[in-house]
Protein chains: 2
Amino acid sequence: MSAGGGAAQGGESLLFLTDEQLRKGIEAMFFAYRGFTADPDRILENYAYGRAHHRAIHFIHRQPGLTVNTLLTVLGVTKQSLNRVLRTLVEDGLVESRVGRRDKRERHLHLTEKGAALERELSDAQRARMRAAYRAAGPAAVAGFRQVLEAMMDPELRRFYQMMKDGGA
Amino acid sequence: MSAGGGAAQGGESLLFLTDEQLRKGIEAMFFAYRGFTADPDRILENYAYGRAHHRAIHFIHRQPGLTVNTLLTVLGVTKQSLNRVLRTLVEDGLVESRVGRRDKRERHLHLTEKGAALERELSDAQRARMRAAYRAAGPAAVAGFRQVLEAMMDPELRRFYQMMKDGGA
DNA sequence: ATTTTATGTCAGCCTTGTTGACTTTCCAAG
DNA sequence: CTTGGAAAGTCAACAAGGCTGACATAAAAT
(Lines give C-alpha, C1' and ligand atoms only; values in the text may rest on other atoms or scores of the structure.)
Protein backbone atom coordinates (compact mmCIF):
# COMPACT_ATOMS: atom_id res chain seq x y z
CA MET A 1 0.00 0.00 0.00
CA SER A 2 1.20 3.47 -0.85
CA ALA A 3 1.85 6.42 1.40
CA GLY A 4 -1.07 7.20 3.63
CA GLY A 5 -2.81 4.01 2.66
CA GLY A 6 -4.90 2.99 5.59
CA ALA A 7 -5.26 1.67 9.08
CA ALA A 8 -1.63 2.28 9.96
CA GLN A 9 -2.51 5.94 9.56
CA GLY A 10 -4.83 5.87 12.55
CA GLY A 11 -6.41 8.54 14.66
CA GLU A 12 -6.14 12.19 13.81
CA SER A 13 -4.47 12.19 10.40
CA LEU A 14 -6.49 13.55 7.53
CA LEU A 15 -4.33 12.01 4.84
CA PHE A 16 -7.08 9.52 4.10
CA LEU A 17 -9.15 12.38 2.70
CA THR A 18 -6.80 13.37 -0.11
CA ASP A 19 -8.17 13.43 -3.64
CA GLU A 20 -5.89 10.54 -4.45
CA GLN A 21 -7.31 8.39 -1.66
CA LEU A 22 -10.82 9.30 -2.72
CA ARG A 23 -10.10 8.41 -6.31
CA LYS A 24 -8.87 5.00 -5.21
CA GLY A 25 -12.08 4.51 -3.31
CA ILE A 26 -14.10 5.45 -6.37
CA GLU A 27 -12.26 2.97 -8.55
CA ALA A 28 -12.53 0.29 -5.88
CA MET A 29 -16.30 0.76 -5.89
CA PHE A 30 -16.41 0.49 -9.64
CA PHE A 31 -14.37 -2.70 -9.92
CA ALA A 32 -15.88 -4.33 -6.86
CA TYR A 33 -19.41 -3.76 -8.09
CA ARG A 34 -18.52 -5.59 -11.27
CA GLY A 35 -17.44 -8.57 -9.19
CA PHE A 36 -20.45 -8.22 -6.98
CA THR A 37 -22.86 -8.71 -9.89
CA ALA A 38 -20.79 -11.11 -11.98
CA ASP A 39 -21.92 -14.43 -10.48
CA PRO A 40 -25.67 -13.76 -10.43
CA ASP A 41 -25.43 -12.34 -13.95
CA ARG A 42 -23.92 -15.59 -15.19
CA ILE A 43 -26.70 -17.61 -13.59
CA LEU A 44 -29.43 -15.34 -14.92
CA GLU A 45 -28.29 -15.93 -18.47
CA ASN A 46 -29.49 -19.51 -18.18
CA TYR A 47 -32.98 -18.29 -17.44
CA ALA A 48 -33.22 -15.38 -19.87
CA TYR A 49 -33.61 -13.02 -16.95
CA GLY A 50 -31.57 -9.94 -16.15
CA ARG A 51 -30.29 -7.97 -13.21
CA ALA A 52 -33.64 -6.24 -12.87
CA HIS A 53 -35.33 -9.58 -12.23
CA HIS A 54 -32.71 -10.46 -9.66
CA ARG A 55 -33.27 -7.25 -7.74
CA ALA A 56 -37.02 -7.75 -7.67
CA ILE A 57 -36.66 -11.35 -6.53
CA HIS A 58 -34.19 -10.37 -3.85
CA PHE A 59 -36.43 -7.83 -2.18
CA ILE A 60 -39.60 -9.89 -2.54
CA HIS A 61 -37.78 -12.70 -0.77
CA ARG A 62 -36.49 -10.26 1.78
CA GLN A 63 -39.88 -8.86 2.65
CA PRO A 64 -42.66 -11.22 1.55
CA GLY A 65 -45.95 -9.47 0.93
CA LEU A 66 -44.48 -6.07 0.17
CA THR A 67 -46.49 -3.93 -2.21
CA VAL A 68 -45.51 -2.93 -5.70
CA ASN A 69 -45.22 0.65 -4.57
CA THR A 70 -42.78 -0.16 -1.80
CA LEU A 71 -40.70 -2.25 -4.15
CA LEU A 72 -40.74 0.66 -6.58
CA THR A 73 -39.23 2.98 -4.05
CA VAL A 74 -36.64 0.50 -2.85
CA LEU A 75 -35.49 -0.25 -6.37
CA GLY A 76 -35.66 3.34 -7.55
CA VAL A 77 -37.27 2.69 -10.91
CA THR A 78 -40.58 3.69 -12.45
CA LYS A 79 -43.61 1.51 -12.00
CA GLN A 80 -43.72 0.90 -15.75
CA SER A 81 -40.19 -0.40 -15.72
CA LEU A 82 -40.80 -2.62 -12.74
CA ASN A 83 -44.10 -3.81 -14.10
CA ARG A 84 -42.52 -5.33 -17.16
CA VAL A 85 -40.11 -7.34 -15.05
CA LEU A 86 -42.77 -8.30 -12.55
CA ARG A 87 -45.15 -9.44 -15.26
CA THR A 88 -42.68 -11.92 -16.68
CA LEU A 89 -41.93 -13.23 -13.22
CA VAL A 90 -45.64 -13.71 -12.53
CA GLU A 91 -46.24 -15.29 -15.94
CA ASP A 92 -43.35 -17.66 -15.39
CA GLY A 93 -44.73 -18.63 -12.00
CA LEU A 94 -41.90 -17.30 -9.85
CA VAL A 95 -43.85 -14.54 -8.18
CA GLU A 96 -47.39 -14.44 -6.93
CA SER A 97 -49.25 -11.11 -6.93
CA ARG A 98 -52.09 -11.12 -4.41
CA VAL A 99 -54.74 -8.45 -4.35
CA GLY A 100 -54.68 -6.62 -1.02
CA ARG A 101 -57.35 -7.63 1.50
CA ARG A 102 -57.86 -4.20 3.00
CA ASP A 103 -56.99 -2.15 -0.07
CA LYS A 104 -57.78 -3.97 -3.27
CA ARG A 105 -55.68 -1.58 -5.30
CA GLU A 106 -52.56 -2.94 -3.74
CA ARG A 107 -50.77 -6.06 -4.95
CA HIS A 108 -48.80 -7.96 -2.36
CA LEU A 109 -45.86 -9.84 -3.78
CA HIS A 110 -44.67 -13.30 -2.75
CA LEU A 111 -42.22 -15.78 -4.18
CA THR A 112 -43.57 -19.16 -5.23
CA GLU A 113 -41.52 -22.25 -4.46
CA LYS A 114 -40.04 -21.95 -7.93
CA GLY A 115 -39.19 -18.32 -7.30
CA ALA A 116 -37.66 -19.13 -3.95
CA ALA A 117 -35.51 -21.76 -5.63
CA LEU A 118 -34.07 -19.24 -8.08
CA GLU A 119 -33.58 -16.75 -5.25
CA ARG A 120 -31.58 -19.35 -3.39
CA GLU A 121 -29.43 -20.15 -6.39
CA LEU A 122 -28.69 -16.48 -6.99
CA SER A 123 -28.03 -15.49 -3.43
CA ASP A 124 -25.93 -18.56 -2.74
CA ALA A 125 -23.63 -17.48 -5.54
CA GLN A 126 -23.55 -13.88 -4.43
CA ARG A 127 -23.01 -14.80 -0.81
CA ALA A 128 -20.18 -17.14 -1.69
CA ARG A 129 -18.18 -14.28 -3.13
CA MET A 130 -19.12 -12.00 -0.29
CA ARG A 131 -18.15 -14.63 2.24
CA ALA A 132 -14.76 -15.11 0.62
CA ALA A 133 -14.18 -11.35 0.64
CA TYR A 134 -15.30 -11.02 4.26
CA ARG A 135 -13.12 -13.90 5.33
CA ALA A 136 -10.10 -12.50 3.52
CA ALA A 137 -10.56 -9.05 5.01
CA GLY A 138 -11.58 -9.99 8.55
CA PRO A 139 -14.28 -8.73 10.89
CA ALA A 140 -12.82 -5.30 11.61
CA ALA A 141 -12.51 -4.54 7.89
CA VAL A 142 -16.07 -5.73 7.36
CA ALA A 143 -17.35 -3.33 9.98
CA GLY A 144 -15.54 -0.49 8.26
CA PHE A 145 -16.82 -1.60 4.89
CA ARG A 146 -20.40 -1.40 6.10
CA GLN A 147 -19.85 1.93 7.80
CA VAL A 148 -18.49 3.60 4.70
CA LEU A 149 -21.18 2.14 2.44
CA GLU A 150 -23.87 3.30 4.79
CA ALA A 151 -22.45 6.80 4.86
CA MET A 152 -22.42 6.82 1.06
CA MET A 153 -26.14 6.17 0.65
CA ASP A 154 -28.74 8.81 -0.07
CA PRO A 155 -30.51 9.57 3.21
CA GLU A 156 -33.81 8.16 1.97
CA LEU A 157 -32.20 4.92 0.87
CA ARG A 158 -30.29 4.74 4.12
CA ARG A 159 -33.60 4.82 5.93
CA PHE A 160 -34.82 1.86 3.88
CA TYR A 161 -31.59 0.03 4.41
CA GLN A 162 -31.72 0.50 8.14
CA MET A 163 -35.38 -0.42 8.33
CA MET A 164 -34.58 -3.71 6.69
CA LYS A 165 -31.25 -4.11 8.36
CA ASP A 166 -32.24 -6.00 11.45
CA GLY A 167 -34.77 -8.36 10.04
CA GLY A 168 -37.26 -5.68 9.05
CA ALA A 169 -41.03 -5.20 8.66
CA MET B 1 -26.65 -2.53 15.21
CA SER B 2 -28.00 -6.05 15.72
CA ALA B 3 -26.38 -9.04 17.34
CA GLY B 4 -22.96 -9.75 15.92
CA GLY B 5 -22.94 -6.47 14.05
CA GLY B 6 -19.34 -5.48 13.71
CA ALA B 7 -16.08 -4.35 15.13
CA ALA B 8 -17.12 -5.07 18.69
CA GLN B 9 -17.07 -8.69 17.59
CA GLY B 10 -13.34 -8.61 17.11
CA GLY B 11 -10.73 -11.29 16.64
CA GLU B 12 -11.64 -14.92 16.31
CA SER B 13 -15.43 -14.87 16.09
CA LEU B 14 -16.97 -16.09 12.88
CA LEU B 15 -20.35 -14.52 13.49
CA PHE B 16 -19.58 -11.92 10.83
CA LEU B 17 -19.84 -14.68 8.23
CA THR B 18 -23.46 -15.62 8.86
CA ASP B 19 -25.85 -15.52 5.92
CA GLU B 20 -27.63 -12.65 7.61
CA GLN B 21 -24.46 -10.58 7.83
CA LEU B 22 -23.66 -11.37 4.23
CA ARG B 23 -27.13 -10.35 3.11
CA LYS B 24 -26.71 -7.02 4.85
CA GLY B 25 -23.44 -6.53 3.03
CA ILE B 26 -25.13 -7.31 -0.27
CA GLU B 27 -27.87 -4.79 0.34
CA ALA B 28 -25.36 -2.22 1.52
CA MET B 29 -23.50 -2.60 -1.77
CA PHE B 30 -26.72 -2.18 -3.72
CA PHE B 31 -27.88 0.96 -1.96
CA ALA B 32 -24.45 2.51 -1.71
CA TYR B 33 -23.79 2.07 -5.40
CA ARG B 34 -26.95 3.99 -6.13
CA GLY B 35 -25.61 6.87 -4.06
CA PHE B 36 -22.19 6.48 -5.62
CA THR B 37 -23.53 7.15 -9.11
CA ALA B 38 -26.32 9.58 -8.26
CA ASP B 39 -24.38 12.86 -8.38
CA PRO B 40 -22.50 12.27 -11.64
CA ASP B 41 -25.70 10.98 -13.23
CA ARG B 42 -27.45 14.23 -12.40
CA ILE B 43 -24.64 16.26 -13.96
CA LEU B 44 -24.49 14.10 -17.07
CA GLU B 45 -28.13 14.79 -17.83
CA ASN B 46 -27.22 18.40 -18.58
CA TYR B 47 -24.85 17.22 -21.29
CA ALA B 48 -26.89 14.41 -22.82
CA TYR B 49 -24.22 11.96 -21.80
CA GLY B 50 -24.61 8.83 -19.72
CA ARG B 51 -22.75 6.71 -17.25
CA ALA B 52 -20.86 5.06 -20.07
CA HIS B 53 -19.36 8.39 -21.08
CA HIS B 54 -18.42 9.09 -17.50
CA ARG B 55 -16.55 5.82 -17.16
CA ALA B 56 -14.62 6.41 -20.36
CA ILE B 57 -13.73 9.96 -19.34
CA HIS B 58 -12.66 8.81 -15.89
CA PHE B 59 -10.15 6.27 -17.11
CA ILE B 60 -8.83 8.43 -19.94
CA HIS B 61 -8.16 11.11 -17.35
CA ARG B 62 -6.68 8.54 -15.05
CA GLN B 63 -4.25 7.19 -17.59
CA PRO B 64 -3.75 9.67 -20.41
CA GLY B 65 -2.64 8.02 -23.62
CA LEU B 66 -4.13 4.64 -22.89
CA THR B 67 -5.16 2.66 -25.94
CA VAL B 68 -8.68 1.75 -26.97
CA ASN B 69 -7.95 -1.88 -26.28
CA THR B 70 -6.82 -1.25 -22.72
CA LEU B 71 -9.85 0.88 -22.04
CA LEU B 72 -12.00 -1.91 -23.43
CA THR B 73 -10.62 -4.38 -20.95
CA VAL B 74 -10.81 -2.02 -18.01
CA LEU B 75 -14.42 -1.15 -18.73
CA GLY B 76 -15.43 -4.68 -19.63
CA VAL B 77 -17.53 -3.83 -22.67
CA THR B 78 -17.30 -4.65 -26.36
CA LYS B 79 -15.47 -2.41 -28.77
CA GLN B 80 -18.72 -1.66 -30.58
CA SER B 81 -20.28 -0.46 -27.39
CA LEU B 82 -17.27 1.61 -26.39
CA ASN B 83 -16.84 2.94 -29.88
CA ARG B 84 -20.27 4.49 -29.91
CA VAL B 85 -19.49 6.37 -26.73
CA LEU B 86 -15.96 7.29 -27.76
CA ARG B 87 -17.08 8.58 -31.13
CA THR B 88 -19.49 11.07 -29.60
CA LEU B 89 -16.82 12.20 -27.17
CA VAL B 90 -14.33 12.76 -30.00
CA GLU B 91 -16.95 14.48 -32.19
CA ASP B 92 -17.87 16.77 -29.31
CA GLY B 93 -14.24 17.63 -28.76
CA LEU B 94 -13.84 16.14 -25.28
CA VAL B 95 -11.45 13.37 -26.24
CA GLU B 96 -8.57 13.30 -28.66
CA SER B 97 -7.61 10.07 -30.40
CA ARG B 98 -3.95 10.10 -31.45
CA VAL B 99 -2.41 7.53 -33.76
CA GLY B 100 0.36 5.63 -31.98
CA ARG B 101 3.94 6.61 -32.74
CA ARG B 102 5.50 3.19 -32.40
CA ASP B 103 2.48 1.16 -33.42
CA LYS B 104 0.33 3.14 -35.79
CA ARG B 105 -2.60 0.76 -35.39
CA GLU B 106 -3.12 1.94 -31.85
CA ARG B 107 -5.11 5.01 -30.90
CA HIS B 108 -3.99 6.76 -27.76
CA LEU B 109 -6.73 8.58 -25.94
CA HIS B 110 -6.39 11.96 -24.25
CA LEU B 111 -8.82 14.45 -22.77
CA THR B 112 -8.97 17.88 -24.35
CA GLU B 113 -9.25 20.89 -22.07
CA LYS B 114 -13.01 20.69 -22.53
CA GLY B 115 -12.99 17.00 -21.63
CA ALA B 116 -10.82 17.66 -18.60
CA ALA B 117 -13.30 20.30 -17.46
CA LEU B 118 -16.19 17.85 -17.54
CA GLU B 119 -14.04 15.25 -15.82
CA ARG B 120 -13.37 17.73 -13.05
CA GLU B 121 -17.02 18.59 -12.66
CA LEU B 122 -17.97 14.93 -12.45
CA SER B 123 -15.24 13.79 -10.14
CA ASP B 124 -15.61 16.80 -7.87
CA ALA B 125 -19.21 15.77 -7.29
CA GLN B 126 -18.35 12.12 -6.80
CA ARG B 127 -15.44 12.90 -4.52
CA ALA B 128 -17.56 15.22 -2.42
CA ARG B 129 -19.86 12.37 -1.50
CA MET B 130 -16.96 10.01 -0.99
CA ARG B 131 -15.20 12.52 1.20
CA ALA B 132 -18.27 12.98 3.37
CA ALA B 133 -18.61 9.22 3.72
CA TYR B 134 -14.92 8.78 4.53
CA ARG B 135 -15.00 11.56 7.06
CA ALA B 136 -18.11 10.17 8.73
CA ALA B 137 -16.65 6.68 8.94
CA GLY B 138 -13.05 7.50 9.83
CA PRO B 139 -9.70 6.22 8.59
CA ALA B 140 -9.89 2.74 10.09
CA ALA B 141 -13.28 2.11 8.50
CA VAL B 142 -11.96 3.39 5.18
CA ALA B 143 -9.10 0.93 5.29
CA GLY B 144 -11.56 -1.89 5.91
CA PHE B 145 -13.82 -0.63 3.18
CA ARG B 146 -11.03 -0.80 0.65
CA GLN B 147 -9.87 -4.20 1.84
CA VAL B 148 -13.28 -5.79 1.42
CA LEU B 149 -13.89 -4.20 -1.97
CA GLU B 150 -10.53 -5.37 -3.19
CA ALA B 151 -11.25 -8.90 -2.06
CA MET B 152 -14.56 -8.78 -3.90
CA MET B 153 -13.06 -8.03 -7.32
CA ASP B 154 -12.45 -10.58 -10.03
CA PRO B 155 -8.74 -11.42 -9.99
CA GLU B 156 -8.14 -9.88 -13.40
CA LEU B 157 -9.84 -6.66 -12.43
CA ARG B 158 -7.98 -6.64 -9.15
CA ARG B 159 -4.76 -6.69 -11.14
CA PHE B 160 -5.87 -3.66 -13.09
CA TYR B 161 -6.98 -1.92 -9.95
CA GLN B 162 -3.67 -2.53 -8.23
CA MET B 163 -1.68 -1.53 -11.28
CA MET B 164 -3.45 1.80 -11.24
CA LYS B 165 -3.64 2.06 -7.52
CA ASP B 166 -0.45 3.84 -6.75
CA GLY B 167 -0.31 6.32 -9.55
CA GLY B 168 -0.19 3.77 -12.37
CA ALA B 169 1.53 3.03 -15.68
C1' DA C 1 3.56 -13.02 -48.85
C1' DT C 2 0.58 -14.29 -45.44
C1' DT C 3 -1.45 -14.05 -41.14
C1' DT C 4 -2.51 -11.75 -36.99
C1' DT C 5 -3.64 -7.69 -34.38
C1' DA C 6 -5.84 -3.18 -33.40
C1' DT C 7 -9.26 -0.42 -34.65
C1' DG C 8 -13.39 1.19 -36.65
C1' DT C 9 -18.06 0.70 -38.77
C1' DC C 10 -22.72 -0.99 -40.12
C1' DA C 11 -26.77 -3.46 -38.94
C1' DG C 12 -29.75 -5.47 -35.83
C1' DC C 13 -31.17 -7.23 -31.40
C1' DC C 14 -32.16 -7.19 -26.16
C1' DT C 15 -32.69 -5.34 -21.52
C1' DT C 16 -34.01 -1.87 -18.82
C1' DG C 17 -34.61 2.59 -18.08
C1' DT C 18 -37.84 6.73 -19.42
C1' DT C 19 -42.63 9.57 -20.34
C1' DG C 20 -47.41 9.99 -21.47
C1' DA C 21 -52.08 8.46 -21.56
C1' DC C 22 -55.46 5.61 -19.67
C1' DT C 23 -58.32 2.37 -16.38
C1' DT C 24 -59.70 0.69 -12.06
C1' DT C 25 -60.13 1.08 -7.29
C1' DC C 26 -60.49 3.39 -3.08
C1' DC C 27 -61.36 7.10 0.01
C1' DA C 28 -62.96 11.35 1.52
C1' DA C 29 -65.32 15.85 1.09
C1' DG C 30 -69.24 17.96 -0.19
C1' DC D 1 -74.72 9.59 -2.58
C1' DT D 2 -71.90 11.50 -5.75
C1' DT D 3 -67.94 13.31 -7.33
C1' DG D 4 -63.11 14.25 -7.43
C1' DG D 5 -58.57 13.08 -6.33
C1' DA D 6 -55.01 9.75 -5.13
C1' DA D 7 -53.03 5.21 -5.68
C1' DA D 8 -52.09 1.07 -8.35
C1' DG D 9 -51.53 -0.92 -12.47
C1' DT D 10 -51.41 -1.37 -17.77
C1' DC D 11 -50.30 -0.16 -22.63
C1' DA D 12 -47.50 2.19 -26.08
C1' DA D 13 -43.56 4.35 -27.66
C1' DC D 14 -38.94 5.80 -27.15
C1' DA D 15 -33.75 6.05 -25.66
C1' DA D 16 -29.39 4.46 -23.67
C1' DG D 17 -26.24 1.22 -23.72
C1' DG D 18 -25.27 -3.44 -23.55
C1' DC D 19 -24.69 -7.50 -27.12
C1' DT D 20 -23.40 -10.38 -31.66
C1' DG D 21 -22.02 -10.85 -36.41
C1' DA D 22 -19.93 -9.35 -40.60
C1' DC D 23 -16.70 -6.70 -42.79
C1' DA D 24 -12.80 -3.06 -43.92
C1' DT D 25 -8.32 -1.13 -43.23
C1' DA D 26 -3.77 -0.55 -41.79
C1' DA D 27 0.16 -2.08 -39.49
C1' DA D 28 2.87 -5.49 -37.44
C1' DA D 29 4.62 -10.03 -37.01
C1' DT D 30 5.82 -14.39 -38.95
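Me: Which backbone atom contacts a phosphate oxygen of DNA strand C, and how far apart are they?
Reply: Happy to start there, with a note that this is a predicted model, where local features need pLDDT of at least 70, side-chain atom pairs count only at pLDDT 80 or more, and totals for chains, interfaces and linings use all residues. Residues are numbered from 1 along each chain as written, chains are lettered from A in the order written, and side-chain values use heavy atoms, without hydrogens or water. The atom is a backbone N or O of K104(A), and its distance to the phosphate oxygen is 3.1 Å.

Me: Which side chain lies 2.4 Å from a base nitrogen of DNA strand C?
Reply: The partner atom is an N or O in an arginine side chain of chain A. On chain B, a polar side-chain atom of R105(B) lies 2.6 Å from a base oxygen of the strand. The side chain at 2.4 Å from the base nitrogen is that of R84(A).

Me: How many residues surround DNA strand C?
Reply: A residue counts as near the strand if one of its heavy atoms lies within 4 Å of it. The closest are R55(A), R84(A), K104(A), N69(B) and K79(B). The number surrounding the strand is 24.

Me: Is H58(B) buried or exposed?
Reply: Buried means under 20% relative accessible area and exposed over 50%, with partly exposed in between (1.4 Å probe, protein chains only). H58(B) has a relative accessible area of 11%, so H58(B) is buried.

Me: Which side chain is joined to that of H58(B) by a polar contact of 2.8 Å?
Reply: H58(B) touches R23(A), I26(A) and E27(A), not counting residues up to four places away in sequence; touching here means heavy atoms within 4.5 Å. A polar contact is a pair of N or O atoms within 3.5 Å; within protein, one must be able to donate a hydrogen and the other to accept it, and residues adjacent in sequence count only if both atoms are side-chain atoms. The side chain at 2.8 Å is that of E27(A).
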